[in-house]
Amino acid sequence: MEQSPATTISTTVLIIGAGPSGLAVAACLTTKHVPFLVLDRDDSTAPLWRYRTYDRLHLHLPKQYCQLPHLPYPPSSPTFLPCADFIRYLDDYVATFGLEKHLKLSRRVDSAKFDLAAARWRVSAANLESGKVEQYEARFLVVATGENDEPVFPVGIIGLDQFKGETVHSQQYRTGKAYEGLDVLVVGSGNSGMEIACDLAENGARCAIVVRSQVCPPIFLSL
């Protein structure tokens, strides 16, 4: 990356990550008139939801527990929102609070250090469009990069390197239609694992699930 000759960009709060958490912080700062910028390495807000989800994904909690500050879901929206509806909600959220002008997309943050003498954060970010390195400084730094962005594959499974079939992470999975009539093993019984297993079964795959520990008993919600 080429070092940008531009001066350091200064703000009060620098938010790393333009997913739901980062957008929520940004909206709250907007209501208090606090200057801020949002950096994200992808080319859009909420990239995990836009680019790395399967087709039938729904929010796994009722909508009242998933709405962001200051903008409730419309009463007519379903209790468990489909992914496409949630993305539209996030787009409306950005527009409602005028967050577009604060977004610095396609910026990969490479370092963040706190300058004790100046009491400021010094952040270096690569502009993935221009190929230049940009410098930022802020009084406060908010890291909102999430915990599920990077796929994690099981390690140490004997024979996996010799398996002749397809091995995919849930981020790469889109629909069970591609596996009709095939034997499929789902590793893990979390939200994604159970929903993907259901999708596979409904689309004609012969599906089995491997679970490391006992599955939790059903939880019934009173809605």
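Met194 is in contact with Ser189 and Ile209, once its neighbours within four places in sequence are left aside. In this predicted model, Met194 is found in helix H4, which covers residues 191–202. Its relative accessible area is 41%, so Met194 is partly exposed. Far along the chain from Met194 is Thr53: the two are 141 residues apart in sequence, and their C-alpha atoms are separated by 14 Å.

Helix H4 itself can be checked against the expected geometry. With 12 residues at 1.5 Å a residue, H4 should span 16 Å, and its end C-alpha atoms are 17 Å apart, which agrees. Several residues of H4 are buried, namely Gly193, Glu195, Ile196, Ala197, Asp199 and Leu200. An α-helix has 3.6 residues a turn, so residues three or four places apart point the same way. The cover over the buried residues of H4 includes strand E8 (183–187) and strand E9 (206–210). After H4 comes Gly204, which has a positive phi, near 90°.

One of the buried residues of H4, Glu195, leads to the next part of the chain. Glu195 is touched by His58, which also touches Phe80, Leu81, Pro82 and Cys83, not counting residues up to four places away in sequence. His58 is found in the loop between H2 and H3. At 31% relative accessibility, His58 counts as partly exposed. A polar atom of the His58 side chain lies 2.7 Å from the backbone oxygen of Arg56. Leu37, by contrast, is 21 residues from His58 in sequence, and the two C-alpha atoms are 30 Å apart in space.

Cys83, one of the residues that His58 touches, raises the matter of disulfides. A disulfide is a covalent bond between the sulfur atoms of two cysteines. How many disulfides does a search of the whole structure find? The search finds zero. For Cys66, the closest cysteine sulfur is that of Cys83, and because the distance is 12 Å, the two are too far apart for a bond. Cys83 is likewise in no disulfide, with the sulfur of Cys66 as its nearest cysteine sulfur. Both cysteines are shielded: Cys66 has 17% relative accessibility and so counts as buried, and Cys83, at 8%, counts as buried too.

The aromatic residues come next. The structure holds eight aromatic pairs. Trp49 and Phe86 form an edge-to-face pair, with 4.7 Å from centre to centre and 65° between the planes. This pair links distant parts of the chain, since Trp49 is in helix H2 (residues 47–51) and Phe86 is in helix H3 (residues 83–96), 37 residues apart. Phe86 has 3% relative accessibility, so Phe86 counts as buried. Trp49 and Phe86 also belong to one aromatic cluster, together with Tyr73, Tyr89, Tyr93 and Phe97.

Ahead of H2 in the chain is a loop that starts after strand E3 (36–40), and Asp42 lies in this loop. Is Asp42 buried or exposed? At 17% relative accessibility, Asp42 counts as buried, because the cut-off for that label is under 20%. The side chain of Asp42 is joined to that of Arg52 by a polar contact of 3.4 Å. Leaving aside neighbours within four places in sequence, the residues in contact with Asp42 are Pro47, Tyr51, Arg52, Leu105 and Ser106.

Notes:
Residues numbered from 1 in each chain as written. Predicted model: local features only at pLDDT ≥ 70, side-chain atom pairs only at ≥ 80, totals over all residues. Heavy atoms only, no water. Phe/Tyr/Trp six-rings, centres within 6.5 Å; stacked < 30°, edge-to-face > 60°. Helix = DSSP H or I, 4+ residues; strand = E, 2+ residues; numbered from the N terminus. Buried < 20%, exposed > 50% of the residue type's maximum accessible area, 1.4 Å probe, protein only. Disulfide = S-S within 2.5 Å. Contact = heavy atoms within 4.5 Å. Expected span 1.5 Å × (residues − 1). Polar contact = N/O pair within 3.5 Å; in protein donor to acceptor, adjacent residues only side chain to side chain.
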